[in-house]
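Visitor: Please show me the model, and then let us talk through the surroundings of its ligand.

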Amino acid sequence: MSVVEFLKPEGWLGENGGPRYVQLRQRLETGIKSGVLPPNSSLPPEREIAEITDLSRVTVRKAIQELVREGLIEQRQGSGSFIREATKRVEQSLRHLTSFTEDMASRGLDTTSQWLERGVFLATPAEVKVLGLLDGAEVARIYRLREAGGQPMALERATLPLEILPNPLEVKTSLYDVLDRLGHRPVNAVQKISAINLKTREADLLDVPEGAAGLSIERTSYLASGRVAELTRSLYRGDAYDFVAELRL
Ligand code: 16G
């Protein structure tokens, strides 16, 4: 079915169906889910949708704005509105202390990283405290955009004592692989997960609209000796990740 035919108002737009922009939004959602409007295809211009549906341009704009906020449609400057590729969701079990690379490999996805920062820096007072360091100590810091199957998934900022990771430049792909080699792979960890709205720069890097839902995860990992090995703050795309915890009596 062509998009024009699909949007003709007979059959879906009615007096008793609630606000008209909501009815149009739902119609467009149905079109996206059923494949009439496939990923990366362009949406007809507002003016044309208004003509086909006999709705005002203000109503059409309102429906489209909601779909942009939901992340189903993307507006590209100068070239109109496009249907976004549906996001693959990934589940992470909260039972095992695994690395990002391992989590993705177990789902058959390849991992890539874009380096945002990597080096040795002066520890902040908070890091001195949590990592059990002396004032003025230096730490290894790595900050990466992590992608799986070509899709941005998380922004991850890890801080480690130099005793644990003397040379952050050694980390090319997996941090936990390097720690394993050095005999410093953490054996347990505490994670705090909270809901956030992604700020402009974070949202840009993760390729979602500004203010989109995200998960902030702070992981403190420990060596068998009880020494803190790693302090990591990760921002995951809310539409791409499910964390699953197993509960027992
Ligand atoms: C996971 C960990 C992160 C760790 C990273 C190592 C969470 C929330 N965080 O993303 O703390 O630094 O794995 O991954 O799961 P890598 O070995 O692939 O670099």
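Guide: In what follows, Ala, Val, Leu, Ile, Met, Phe, Trp, Tyr, Cys and Pro count as nonpolar, Asp, Glu, Lys and Arg as charged, and the others, Gly among them, as polar. This is a predicted model, in which local features need pLDDT of at least 70 and side-chain atom pairs pLDDT 80 or more, while totals for chains, interfaces and linings use all residues. Residues are numbered from 1 along each chain as its sequence is written, and side-chain values use heavy atoms, with hydrogens and water left out.

Visitor: How do the residues of the shell around the ligand divide into nonpolar, polar and charged?

Guide: The ligand is surrounded by 17 residues (each with a heavy atom within 4 Å of it), and Thr101, Glu156, Ser174, Leu175 and Glu230 are the closest. By class, the shell holds five charged, five nonpolar and seven polar residues.

Visitor: Which element gives the largest share of the shell around the ligand?

Guide: Helices (H or I, at least four residues) and strands (E, at least two) are DSSP runs, numbered from the N terminus. Those giving two or more residues to the shell are α5 (100-105), β5 (138-148), α7 (175-181), β8 (213-222) and β9 (228-237). The largest share, three residues, comes from β9.

Visitor: How far does a polar side-chain atom of Ser174 lie from an oxygen atom of the ligand?

Guide: Polar contacts are taken here as pairs of N or O atoms within 3.5 Å. For a polar side-chain atom of Tyr236 the distance to a ligand oxygen is 3.4 Å, and for one of Glu156 it is 2.6 Å. For Ser174, the corresponding distance is 2.5 Å.

Note on methods:
Polar contact = N/O pair within 3.5 Å; in protein donor to acceptor, adjacent residues only side chain to side chain.
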